[in-house]
Amino acid sequence: AVSGDLPFIVQRDNFLYVGAIDCIGHGVPAAMLTFMAHYSLLELIDRRGNNILCGDLLLELDQAIKHSLTRQGNSDMYNSGIDLGLCRIDLTERKIQFAGAQIPLYICKPEGVERIKSNVNSLADLLLDKEFPYRTHHFQATGIEHFYLMSDGFNHQFGGETGNQKFSRSRFVTSIHKSYHRGLKEIKKELIVMHDNWKAAQAQTDDILVIGFSL
C-alpha cells in the first residue's frame with residue numbers, strides 16, 4: 001500500500017525527529033515523491049548530525065529533491081511539491097525545534113490551542129526559481145502540552161449535514177482542546193469516530209495523517 005502521506009519518526013542519540021509528510025498530488029507518483037522526501041531527509045540527518053536547525057534541514061531537503069528530479073529528467077510526471085512539518089525533540093532537556101513547509105504545529109494546553117505557523121512555500125516546487133529560508137521555532141516542553149502535526153486530509157474531508165462541508169481547522173482545534181484531559185490513545189479513537197461520523201456516506205477526500213505526541 002502506498003500513500004501521499006507518510007509519518008517520519010527516527011531517533012538519533014538523544015534526539016527524536018517527528019515529521020508529517022504530505023506530497024501534493026495523488027496516486028503512485030505522489031507516493032514515490034513522498035518516499036523520496038522520507039529517505040532524503042533520513043540521509044540528511046545522518047550526514048549533518050544533530051546540530052543543524054530544522055529550518056536548515058528543510059532548505060537542504062528542498063535543494064536535494066529538486067536536484068534529484070531535475071537530474072533524472074522525469075520531473076514532469078510529478079505534481080511537484082511536498083508539505084512537511086518537522087520537530088526535533090531533545091529528549092534530555094525537553095527542548096523542541098519546529099520548522100514547517102505548509103504544515104503547522106498545534107500545541108494544545110489546558111488554556112487553549114496555539115497554532116505555530118509554517119512557511120507558506122512547499123518543498124521541491126519546481127515552479128519556484130528562488131529559494132526561501134525556513135524558519136525554526138524553539139520551545140521548552142513542560143510536560144502538560146499535546147503536540148500535533150497533520151496533513152490537510154482530515155480538515156478537508158467533506159461531510160456534515162449537507163455532505164459538502166469541509167471539516168475545517170477550527171473544528172479540529174475545538175475537538176482536541178475539548179479532549180485535552182484524555183490520554184492521546186483515547187483522543188486517537190475519538191478522532192477516528194469523529195471523522196467517520198462526519199464523512200458518513202461521502203468518499204474519503206484525501207489521504208489522512210495526524211500525529212500527536214507529548215513529553
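**View 1. Serine 214 and the residues it touches.** Leaving out residues up to four places away in sequence, serine 214 touches Glu145, His146 and Leu184. This is a predicted model, so read every distance and angle in these views as computed from predicted coordinates. Serine 214 sits in the segment after strand 11. Is serine 214 buried, partly exposed or exposed? With a relative accessible area of 37%, serine 214 counts as partly exposed. For a sense of scale, look for histidine 195: the C-alpha atoms of the two residues are 22 Å apart, with their positions 19 residues apart along the chain.

**View 2. The four-strand sheet.** Here we have an open sheet of four strands, in the order 6-5-8-11, with antiparallel pairing. At the edges are strand 6 (112-116) and strand 11 (210-213), each of which pairs on one side only. Going from one strand to the next, the twist averages 20°. Helix 3 (residues 169-178) packs on this sheet and touches strand 5 (105-109), strand 6, strand 8 and strand 11. The direction of helix 3 makes about 35° with that of strand 5. Helix 4 (residues 184-199) lies across strand 8 and strand 11, and runs at about 40° to strand 8.

**View 3. Strand 8 against strand 11.** Zooming in on one pair from that sheet, how many bridges join strand 8 to strand 11? There are four, and strand 8 (residues 146-150) runs antiparallel to strand 11. Two of the pairings are easy to pick out by residue. Leucine 149 has isoleucine 211 of strand 11 as its bridge partner, while methionine 150 is matched with valine 210 of strand 11. In general, side chains in a regular strand alternate between the two faces of the sheet. Strand 11 has a covered face with Ile211 and Phe213, and an uncovered face with Val210 and Gly212.

**View 4. The five-strand sheet.** A second view of pairing shows an open sheet of five strands, ordered 1-2-3-4-7 and paired antiparallel. Strand 1 and strand 7 (137-140) are the edge strands, each pairing on one side only. Ignoring direction, neighbouring strands of this sheet are turned by 15° against each other on average. Between strand 2 (residues 15-23) and strand 3 (residues 82-90), which run antiparallel, there are nine bridges. To find your place in that pair, start at leucine 16, which stands opposite isoleucine 89 in strand 3.

**View 5. Aspartate 5, a buried acid.** Aspartate 5 is part of strand 1 (residues 5-12). Which side chain of opposite charge is nearest to aspartate 5? That would be lysine 199, but it is 13 Å away, and the buried aspartate 5 has no salt bridge. What aspartate 5 does have is a polar contact from its side chain to the side chain of serine 151, at 2.7 Å. The aspartate 5 side chain also reaches the backbone nitrogen of isoleucine 208, at 3.5 Å. Setting aside neighbours within four places in sequence, the residues in contact with aspartate 5 are Ile21, Asp22, Thr34, Ser151, Asp207, Ile208 and Leu209.

**View 6. A salt bridge between helix 1 and strand 1.** The count of salt bridges comes to seven, and one of them joins the side chains of aspartate 46 and arginine 12, at 2.6 Å from N to O. Aspartate 46 lies in helix 1 (residues 27-48) and arginine 12 in strand 1, so this pair ties together parts that are 34 residues apart in sequence. Both ends are partly exposed: aspartate 46 has a relative accessible area of 45%, and arginine 12 has one of 27%.

**View 7. Two further salt bridges.** Arginine 47 forms a salt bridge with glutamate 43, with the closest N and O atoms 3.0 Å apart. Both residues of this pair, arginine 47 and glutamate 43, lie in helix 1, four residues apart, or about one turn of the helix. Arginine 47 is exposed, at 52% relative accessible area, whereas glutamate 43 is partly exposed at 40%. Elsewhere, arginine 182 forms a salt bridge with glutamate 190, and here the closest N and O atoms are 2.6 Å apart. Arginine 182 counts as partly exposed at 39% relative accessibility, and glutamate 190 is partly exposed too, with a relative accessible area of 23%.

Definitions and conventions. Residues are numbered from 1 along each chain as its sequence is written. This is a predicted model: local features need pLDDT of at least 70, side-chain atom pairs count only at pLDDT 80 or more; totals for chains, interfaces and linings use all residues. Side-chain values use heavy atoms; hydrogens and water are left out. Two strands pair if DSSP finds at least two bridges between them. Helices (H or I, at least four residues) and strands (E, at least two) are DSSP runs, numbered from the N terminus. Axes are lines fitted to C-alpha atoms, for helices over the stretch in contact, and angles run from 0 to 180 degrees between N-to-C directions. Contact means heavy atoms within 4.5 Å. Buried means under 20% relative accessible area, exposed over 50%, partly exposed in between (1.4 Å probe, protein chains only). Lys and Arg count as positive and Asp and Glu as negative; His and the chain ends are not counted. A salt bridge is a side-chain nitrogen of Lys or Arg within 4 Å of a carboxyl oxygen of Asp or Glu. A polar contact is a pair of N or O atoms within 3.5 Å; within protein, one must be able to donate a hydrogen and the other to accept it, and residues adjacent in sequence count only if both atoms are side-chain atoms.
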